[in-house]
Amino acid sequence: MSPTITAFKSSPDRGKGLARDMRVRWALEEVGQPYDVRLVSFGEMKEAAHRALHPFGQIPTYEEGDLALFESGAIVFHIAERHAGLLPDDANARARAITWMFAALGTVEPPIVDRGMAVLVERDKTWYEERLPMLEHRVRDRLNELSSRLGDADWLEGEFSAGDLLMVTVLRRLNGSGLLEEYPNLSAYVARGEARPAYKRAFDDQLAVFTAASSG
Ligand SMILES: N[C@@H](CCC(=O)N[C@@H](CS)C(=O)NCC(=O)O)C(=O)O
């Protein structure tokens, strides 16, 4: 039975692949697992039926038989554990790849999201001009460190893994900020991720949702 994931009926990013269902779609495409998508509106996400799946009233969720998951990282991990292709077989290499999954979501994503939220909702606040440089400084700190570690390698730890998949989607949240472009090896790393056929299929599918909604 194919799993069902949830995604925005109307994504605020207008199909740019920044919503977190993109990570799940990409992981499913990498491992060749077909899936269904249930689109939910902002209102529906906050209703009891959706909250039974996702306590915080968000997307994505993942349903497969009796199993219901939320949190994009947990869902990608579940997919990577069930299928070959996203985590190495060697136990230590696998643990390292999982470490990068946590690093993407726990260390790199928070300052990027903090900056993004400020740009989105604090522009008209008196403190915005003062706060933004501080938020960007925190992002640059992480990008500097990540850039040093990646060096001229293709992927963070040997072969492409779920750690790279999450890291690339996290870094893509900087699109339009100009920050990623300050680090040519990180820009190239994101471009390598985006060039993967599985990424492209996932991207096109989420874009088709936006295109259909805006032409309908
Ligand atoms: N940590 C969660 C974050 C989920 C999240 O923030 N989802 C966003 C879309 S990318 C959402 O549903 N936002 C609407 C809301 O919070 O009301 C994950 O990685 O799945």
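1. In this predicted model, R20 is partly exposed, because its relative accessibility of 27% falls between the 20% limit for buried and the 50% limit for exposed residues. R20 is placed in the loop that runs between β1 (4-8) and α1 (21-31).

2. The side chain of R20 forms a salt bridge with E109, and the closest N and O atoms are 3.4 Å apart. This pair links distant parts of the chain: E109 belongs to helix α5 (residues 91-121), and the two partners are 89 residues apart. E109 has a relative accessible area of 8% and is therefore buried, since that value is under 20%.

3. A salt bridge within a single helix is formed by D21 and R25, with an N to O distance of 2.7 Å. Both residues lie in helix α1, four residues apart, which is about one turn of the helix. D21 and R25 are both buried.

4. E81 and R94 form a further salt bridge, their closest N and O atoms being 3.7 Å apart. Because E81 lies in helix α4 (residues 72-82) and R94 in helix α5, the pair ties together parts that are 13 residues apart in sequence. E81 counts as partly exposed, at 40% relative accessibility.

5. Salt bridges with shared partners join R20, R23 and E109 into one network. The count of salt bridges in the model comes to 15, among them R20 with E109, D21 with R25 and E81 with R94.

Conventions
Residues numbered from 1 in each chain as written. Predicted model: local features only at pLDDT ≥ 70, side-chain atom pairs only at ≥ 80, totals over all residues. Heavy atoms only, no water. Salt bridge = Lys/Arg side-chain N within 4 Å of Asp/Glu carboxyl O. Helix = DSSP H or I, 4+ residues; strand = E, 2+ residues; numbered from the N terminus. Buried < 20%, exposed > 50% of the residue type's maximum accessible area, 1.4 Å probe, protein only.
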